[in-house]
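Please open the model in your viewer and keep the sequence panel beside it, since this tour moves from one selection to the next and says at each stop what is to be found there.

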Amino acid sequence: MHVGIIMDGNGRWAAKRGLPRLMGHKRGAGRVKDIVKTSIELGVTTLTLYAFSTENWKRAAHEVEGLMKLFRGYLQNNFVELNEKNIKVKFLGDPTPLAADLREQMENLEDLTKDNTLMTLNIAINYGGRDDLVRATRKIAAKVRDGSLAIDDICEQTISDHLDTVKQPDPDLIIRTAGELRLSNFMIWQGAYSELAFVKTSWPEFTPEVYTEVIAEYRSRTRQFGAVIPKGAKVVK
Ligand code: IPE
Ligand code: IPE
Ligand code: MG
């Protein structure tokens, strides 16, 4: 089971308490460890955390810098433990505009954990669903140009195989915290048939208990994928 989480509401959580937005991000970063642990307990095999979108560069420079510092801190503090826990870490998004030291740390962690098998943790940084598709299109076009791929052989699987989530299952469930009813450019291709859960709880308050309830509610749903599933049919989840 693949769960994607749009971790939203850090800023509002802080504002409500008269705190600077960055305090909300700090609190939010502190939620990650718990949610990773709970994911394993709940049988989630791929967890994707949307941490920074291609649009988030529009924010004030000090907020962007603060977020980058938090990513750095998270990687430093969890580098060894993620590997010890047998978690495979993968970064989604275009790393090019990120600081060189951060990119190096990201590459090292991906490399260190590449053979781990308990769960895949995708961290989406400078990720946008449209950008994912643009980069995939470029890779596909290059193959057509060099003759290794025929235009008529391009199918849905070809697109999936060139996205950042290559070889991964599509998200079964996309959760967005903090009440907004939109995807904000998250996995627009992969999420074509994802179940959606919009919860009011902000990310800093998203506890394992709230998460467990959301997963239980998801497991009570019937997914049809366009077909008609007879009542009482056994559905694998
Ligand atoms: C999500 O919280 C974190 C990021 C987008 C990096 P927000 O910062 O968007 O919080 P709100 O939506 O302003 O409350
Ligand atoms: C989406 O949240 C991006 C992340 C959670 C990383 P935003 O807060 O940036 O999205 P909008 O601006 O409300 O759509
Ligand atoms: Mg937001």
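A polar contact, as the term is used on this tour, is a pair of N or O atoms within 3.5 Å. What you have on screen is a predicted model, and each stop below should be read with that in mind.

**First stop: ligand 1**

Select ligand 1 and begin with Gly-9, where a polar backbone atom is 3.3 Å from an oxygen atom of the ligand, a separation that falls within the 3.5 Å cut-off. Then display the side chain of Asp-8, which has an N or O atom 2.8 Å from an oxygen atom of ligand 1, and the side chain of Arg-21, of which a polar atom lies 2.9 Å from an oxygen atom of ligand 1. With these contacts in view, add a surface: of the 380 Å² of accessible area that ligand 1 has on its own, the protein covers 87%. The space that ligand 1 takes up is the largest pocket.

Which elements give two or more residues to the shell around ligand 1? They are α1, spanning 10-16, and α2, and of these α1 provides the largest share of the shell, namely three residues. To see the surroundings in full, select Met-7, Asp-8, Gly-9, Asn-10, Gly-11, Arg-12, Arg-21, His-25, Ala-51, Asn-56, Arg-59 and Leu-67, which are the residues around ligand 1. If you colour this selection by class, you should find three nonpolar, five polar and four charged residues in the shell.

**Second stop: ligand 2**

Move the selection to ligand 2 and show the side chains of Asn-56 and Arg-59, both of which you have already met in the list of residues around ligand 1. A polar side-chain atom of Asn-56 is placed 2.8 Å from an oxygen atom of ligand 2, while for Arg-59 the corresponding distance from a polar side-chain atom to an oxygen atom of ligand 2 is 3.2 Å. Next add Arg-182, whose side chain has an N or O atom 2.8 Å from an oxygen atom of this ligand. Ligand 2 has 390 Å² of accessible area on its own, and the protein covers 78% of it. The largest pocket is also the space taken by ligand 2.

Now select strand β2, residues 46-53, from which the largest share of the shell around ligand 2 comes, with four residues. The residues around this ligand include Tyr-50, Ala-51, Phe-52 and Ser-53, together with Ile-6, Met-7 and Asp-8, and, later in the sequence, Arg-176 and Ser-184. Divided by class, the shell around ligand 2 holds five nonpolar, three polar and four charged residues.

**Third stop: the loop between β5 and β6**

Stay with Ser-184, one of the residues around ligand 2, and follow the chain through the loop between β5 and β6 in which Ser-184 lies. Although Ser-184 is not a glycine, its phi is positive, at about 45 degrees, and its relative accessibility of 29% places it among partly exposed residues. Go on to Met-187, found in the loop between β5 and β6 as well, where phi is again positive in a residue other than glycine, near 40 degrees. Is Met-187 buried or exposed? Met-187 counts as buried, because its relative accessibility is 1% and the cut-off for burial is under 20%.

Select Gln-190 next, which also sits in the loop between β5 (173-176) and β6 (195-198). Gln-190 is buried, at 3% relative accessibility, and its side chain makes a polar contact of 3.1 Å with the side chain of Asp-132.

**Last stops: Thr-158 and Thr-45**

Turn to helix α6, residues 156-161, and pick out Thr-158 within it. Thr-158 counts as buried, with a relative accessibility of 9%, and its side chain reaches the backbone oxygen of Asp-153 at 3.5 Å.

Finally, select Thr-45, which is located in the loop between α2 (21-41) and β2 and is partly exposed, with a relative accessible area of 40%. Add Leu-118 to the selection: 73 residues separate Thr-45 and Leu-118 along the chain, and their C-alpha atoms are 7.1 Å apart.

Methods: Residues are numbered from 1 along each chain as its sequence is written. Chains are lettered from A and ligands numbered from 1 in the order in which they are written. This is a predicted model: local features need pLDDT of at least 70, side-chain atom pairs count only at pLDDT 80 or more; totals for chains, interfaces and linings use all residues. Side-chain values use heavy atoms; hydrogens and water are left out. A residue is near a molecule or strand if one of its heavy atoms lies within 4 Å of it. A polar contact is a pair of N or O atoms within 3.5 Å; within protein, one must be able to donate a hydrogen and the other to accept it, and residues adjacent in sequence count only if both atoms are side-chain atoms. Accessible areas come from the Shrake-Rupley method with a 1.4 Å probe; for residues, only the protein chains shown count as cover. On a 1 Å grid over the protein atoms alone, a cavity is a set of points where a 1.4 Å probe fits but cannot get out, and a pocket is an open set with protein on both sides within 12 Å along at least five of seven lines; lining residues have an atom within 4 Å of a point. A molecule sits in a cavity or pocket if more than half of its atoms lie within 2 Å of its grid points. Ala, Val, Leu, Ile, Met, Phe, Trp, Tyr, Cys and Pro count as nonpolar, Asp, Glu, Lys and Arg as charged, and the others, Gly among them, as polar. Buried means under 20% relative accessible area, exposed over 50%, partly exposed in between (1.4 Å probe, protein chains only).
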